[in-house]
Amino acid sequence: MSNPSLEPEILISRLSHRPRHLLRAMITVTAPPKPPDSTLADRLRTDRVSSLGILDRLPPEIMSILLGMLDIQSIVRFASVSFRGNMFVQSQRAYRDLVVFAPQVLLALGRVGLIGLHSVVELHTALRTGRCATCTEYGAFLFLPTCERCCWECLRYNPSLRVLLPKEAKTYFGLSERHLQRLPTLCVIPGNYGISADPAPEHCRLVSVKAARGLGLMVQGSTEKLAQAMARRCKSTSLLVVGRYLQGEPAVSQGQDSLLLPSQGNIPTDNFFGMASIPFPSLSKSGRIEDGLWCRGCEVTLRRYDSLRLPRDMLAAVVPSNCEPQRVLLGLERRARSKQSFLDHIKHCYGARQLVPELATVND
Ligand SMILES: [Zn+2]
Ligand SMILES: [Zn+2]
């Protein structure tokens, strides 16, 4: 690309954005101020005598493994035990990365009451993975109950990335009140959620579909018996439809764009959309942080389709004939991409070429 206007950073600034209506559809937590740089103070205190007691006998590698297995709350407590404990924790890359790059996620986990659910290693693995856990796209969000990175599309359509009321979990997964005690409960942070920014119900507690389904399977013994238990409890057709959806597996084929799969019929409304997920940056192996880039061109394409100004051949090039155009174009508009994937995408994006006509001169 010799034309300066086609330099990657210029293209990114002209064609990408971070849509507030999507980011604000989820948990929003103001990141706490960055912790003060303690290295100087620490250096001044390195001669301080401190001990971890019997743990001092463990080799540092074993200590690292053990610390990685702790959840964030436990590791913070460990750090407060002694100066040496603190130094050990501060030297753990996984802990440092999470505190520096995703403090809002740690804060959110604490506020929803799930701080003890995931280990530092699990959270760090999710931070260092850019891809959505359930499809091939970039995932710009973290689903807190399962510590899975996910994209908007999967969050919207994949039942395992949903939360529901405990009483609903009883109905749909054949669980009793006693069983519910074994499920981690998410305490909804007051606020507005979803595209329409509906307020969350007051004092709302939710459980994850994935955890409820797993427990239901264990209790009932097989998927068939789980389905039968659900059918006995669902007294209406509409409840049965929701139950079958929640117990079903999402139709995702390996390596294929889930947006371009044939439409899957009516997906039950998610009344708790966004209440268990949060924007989540990704950290590449080279140490580069990304937040996801959304395409302004895809926004233009959708607008032109809505106002009947999208050329037929362009529509046919983007949307397979067995898919519903509105769903596909809306999905593309809401899709976040990694920097590299974004730069590849805009070479072929109809709307991006409308905004930056010079793109038409770029070859693959
Ligand atoms: Zn996905
Ligand atoms: Zn685009």
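In which helix is the place of F88? F88 belongs to helix α6, residues 83-90; helices (H or I, at least four residues) and strands (E, at least two) are DSSP runs numbered from the N terminus. The model is predicted, so that local features need pLDDT of at least 70 and side-chain atom pairs count only at pLDDT 80 or more, whereas totals for chains, interfaces and linings use all residues. Residues are numbered from 1 along each chain as its sequence is written, chains are lettered from A and ligands numbered from 1 in the order in which they are written, and side-chain values use heavy atoms, with hydrogens and water left out.

The protein comprises 20 helices and 13 strands. Its C-alpha atoms occupy a box of roughly 75 × 65 × 35 Å along the principal axes. Of its 364 residues, 47% count as buried, where buried means under 20% relative accessible area, exposed over 50%, and partly exposed in between (1.4 Å probe, protein chains only). F88, with a relative accessible area of 13%, is therefore buried. F88 and D71 are 17 residues apart along the chain, and their C-alpha atoms are separated by 15 Å.

Two zinc ions were examined in turn. Donors are N, O and S atoms within 2.8 Å of the metal (3.2 Å for Na, K and Ca); water is not among the atoms, so sites may look incomplete. The zinc ion (ligand 1) is held by the SG atoms of C132, C135, C151 and C154, at 2.3 Å. The spacing of these donors along the chain is C-x2-C-x15-C-x2-C. Within this site, C135 and C154 link distant parts of the chain, being 19 residues apart: C135 lies in the loop between α9 (120-127) and β2 (141-143), and C154 in helix α10 (residues 152-157). Both C135 and C154 are buried. The angles among the four donor atoms run from 103 to 120°, and the site is tetrahedral. Four donors count as tetrahedral if all angles lie between 85 and 135 degrees; four count as square planar and six as octahedral if opposite donors are over 155 degrees apart and all others between 65 and 115; anything else is irregular.

For the zinc ion (ligand 2), the protein donors are C295 (SG), C298 (SG), H345 (NE2) and C349 (SG), at 2.0 to 2.4 Å. Their spacing in sequence is C-x2-C-x46-H-x3-C. The arrangement is tetrahedral because the four donor atoms subtend angles of 96 to 115°. H345 and C349 are both buried. C298 is also among the buried residues of helix α16 (residues 296-306), together with G297, E299, V300, T301 and L302. Just after α16, L308 adopts a positive phi of about 60°.

The structure also contains three cavities of 30 Å³ or more. On a 1 Å grid over the protein atoms alone, a cavity is a set of points where a 1.4 Å probe fits but cannot get out, and its lining residues have an atom within 4 Å of a point. Grid points are joined across faces, edges and corners, and a volume is the space filled by probe spheres set on the points. The largest cavity has a volume of about 60 Å³ and is lined by E137, C151, W152, E153, G331, R334, R335 and A336. C151 is thus named both in this lining and among the donors of the zinc ion (ligand 1). The lining divides into three nonpolar, one polar and four charged residues; Ala, Val, Leu, Ile, Met, Phe, Trp, Tyr, Cys and Pro count as nonpolar, Asp, Glu, Lys and Arg as charged, and the others, Gly among them, as polar. Because domain 1 (1-18 + 292-364) and domain 2 (20-44 + 54-291) both give residues to the lining, the largest cavity lies between them; the domain bounds come from an automatic or database domain assignment.

The second largest cavity holds about 50 Å³ of space. Its lining includes F143, L155, D270 and F272, and divides into eight nonpolar, two polar and two charged residues.

Several loop residues complete the description. T146, in the loop between β2 and β3 (148-150), counts as buried because its relative accessibility is 19%. A197, in the loop between β6 (192-193) and β7 (198-199), has a positive phi near 55° and, at 38% relative accessibility, counts as partly exposed. H203, in the loop between β7 and β8 (205-208), likewise has a positive phi, of about 45°, although it is not a glycine. With a relative accessible area of 75%, H203 is exposed.

Key:
1 Å grid on protein atoms, 1.4 Å probe; cavity = no way out; pocket = protein on both sides within 12 Å on 5 of 7 lines; lining within 4 Å.
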